[in-house]
Structures are given as structure tokens and as C-alpha cells.
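Student: I should like to learn how to read a protein model. May we take one feature at a time?

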Amino acid sequence: MSPRRPCPVCAREIAVVGGRFARHDPPGRRTVLELVSCPGCRRIAPMMAPAERLFDPEEPPFPGQQPLF
């Protein structure tokens, strides 16, 4: 399942695939049978917040622990 984020144009929750918003129709009912993509389709999605680190890479997690290499 792809992560979902609000589209910057229509504010619908849209799947993000490959760093871009997936194709989608604008909200509301269609009046014609043609599919009309929202202008926010295929835009680059903003990066999510970076993951938290479990420990500081500069200091070992336990006193006295030596680096492997």
C-alpha cells in the first residue's frame, strides 16, 4: 500500500508513488464520461520528515564499545 498525502491542488488524500502524486480525478461528480485528471497529478510530492535516529552515530551506544572496523 502506498503512503497517502493531501494533494496540493484539490486536498484529496492521494497515493504517492515514486515520489510523485498518483493520477486522480478532482473531487465531485463527473458531468462527462471522460476522465479529467486533477492539475495536481504527477507533481513531485514533498519529502516526509526524516526518521528519528536510535543513537548518535558519533558516540558509541554503550560506554567502552569499540568500532568494528
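The dialogue below moves from the overall fold to single residues.

Student: Which kinds of elements does the protein have, and how many of each?

Tutor: Please note first that this is a predicted model. The protein has 3 strands and 0 helices. Read from the N terminus, the elements follow the pattern β-β-β.

Student: In what order do the strands lie in the sheet, and in which sense do they pair?

Tutor: In general, the strands of a sheet pair through backbone hydrogen bonds, in either a parallel or an antiparallel manner. Here the 3 strands form an open sheet in the order β1-β2-β3, and the pairing is antiparallel. The edge strands are β1 (4–6) and β3 (20–21), each of which pairs on one side only.

Student: How many bridges join each pair of strands?

Tutor: Between β1 and β2 there are 3 bridges, and Arg5 stands opposite Ile14 in β2. Between β2 and β3 there are 2 bridges, and Val16 stands opposite Phe21 in β3.

Student: How many residues lie between the strands of each hairpin?

Tutor: The hairpin of β1 and β2 has 6 residues between its strands. The hairpin of β2 and β3 has 2 residues between the strands, and Gly18 there takes a positive phi near 65°.

Student: Which residues that are not glycine have a positive phi?

Tutor: The general rule is that most residues other than glycine have a negative phi. Ala11 has a positive phi of about 70° although it is not a glycine. Ala11 lies in the loop between β1 and β2 and is exposed, because its relative accessible area is 56%, and exposed means over 50%. Arg42 is another such residue, with a positive phi of about 65°. Arg42 is found in the segment after β3 and is partly exposed, with a relative accessible area of 36%.

Student: Let us turn to the interior. What share of the residues is buried, and which residues make up the largest nonpolar core?

Tutor: In soluble globular proteins, nonpolar side chains tend to be buried together. In this protein, buried residues make up 20% of the 69 residues. The largest nonpolar core has 10 residues: Cys7, Cys10, Ile14, Ala15, Val16, Phe21, Ala22, Cys38, Cys41 and Ala45. Strand β2 (residues 13–17) gives the largest share of this core, 3 residues. As for the surface, the protein exposes about 6,400 Å², of which carbon and sulfur atoms supply 59%.

Student: Is Phe21, as one member of that core, buried or exposed?

Tutor: Phe21, whose place is in strand β3, is buried, because its relative accessible area is 2%, and buried means under 20%. Phe21 and Arg43 are 22 residues apart in sequence, and their C-alpha atoms are 5.7 Å apart in space.

Student: Which residues does Cys7 touch, beyond those up to four places away in sequence?

Tutor: Cys7 touches Arg12, Ile14, Phe21, His24, Cys38 and Gly40.

Student: The core contains several cysteines. How many disulfides does the structure hold?

Tutor: The structure holds 0 disulfides. The closest cysteine sulfur to that of Cys38 is in Cys10, 3.8 Å away; this is too far for a bond, because a disulfide requires sulfur atoms within 2.5 Å. Cys41 is in no disulfide either, and its nearest cysteine sulfur, that of Cys38, is 5.3 Å away. Cys38 counts as buried at 3% relative accessibility, and Cys41 counts as buried at 11%.

Student: Where is Arg12, and what does its side chain reach?

Tutor: Arg12 has its place in the loop between β1 and β2. At 32% relative accessibility, Arg12 counts as partly exposed. The side chain of Arg12 reaches the backbone oxygen of Asp25 at 2.2 Å. The C-alpha atoms of Arg12 and Asp25 are separated by 9.6 Å, and the two residues are 13 residues apart along the chain. Leaving aside neighbours within four places in sequence, Arg12 is in contact with Arg5, Pro6, Cys7, His24, Asp25, Pro26 and Pro27.

Student: What share of the contacts with a separation of 6 or more joins residues 24 or more positions apart?

Tutor: For the protein, that share is 27%.

Conventions: Residues are numbered from 1 along each chain as its sequence is written. This is a predicted model: local features need pLDDT of at least 70, side-chain atom pairs count only at pLDDT 80 or more; totals for chains, interfaces and linings use all residues. Side-chain values use heavy atoms; hydrogens and water are left out. Helices (H or I, at least four residues) and strands (E, at least two) are DSSP runs, numbered from the N terminus. Buried means under 20% relative accessible area, exposed over 50%, partly exposed in between (1.4 Å probe, protein chains only). Contact means heavy atoms within 4.5 Å. Accessible areas come from the Shrake-Rupley method with a 1.4 Å probe; for residues, only the protein chains shown count as cover. A nonpolar core is a set of buried Ala, Val, Leu, Ile, Met, Phe, Trp, Tyr and Cys residues joined through side-chain atoms within 4.5 Å. Two strands pair if DSSP finds at least two bridges between them. A polar contact is a pair of N or O atoms within 3.5 Å; within protein, one must be able to donate a hydrogen and the other to accept it, and residues adjacent in sequence count only if both atoms are side-chain atoms.
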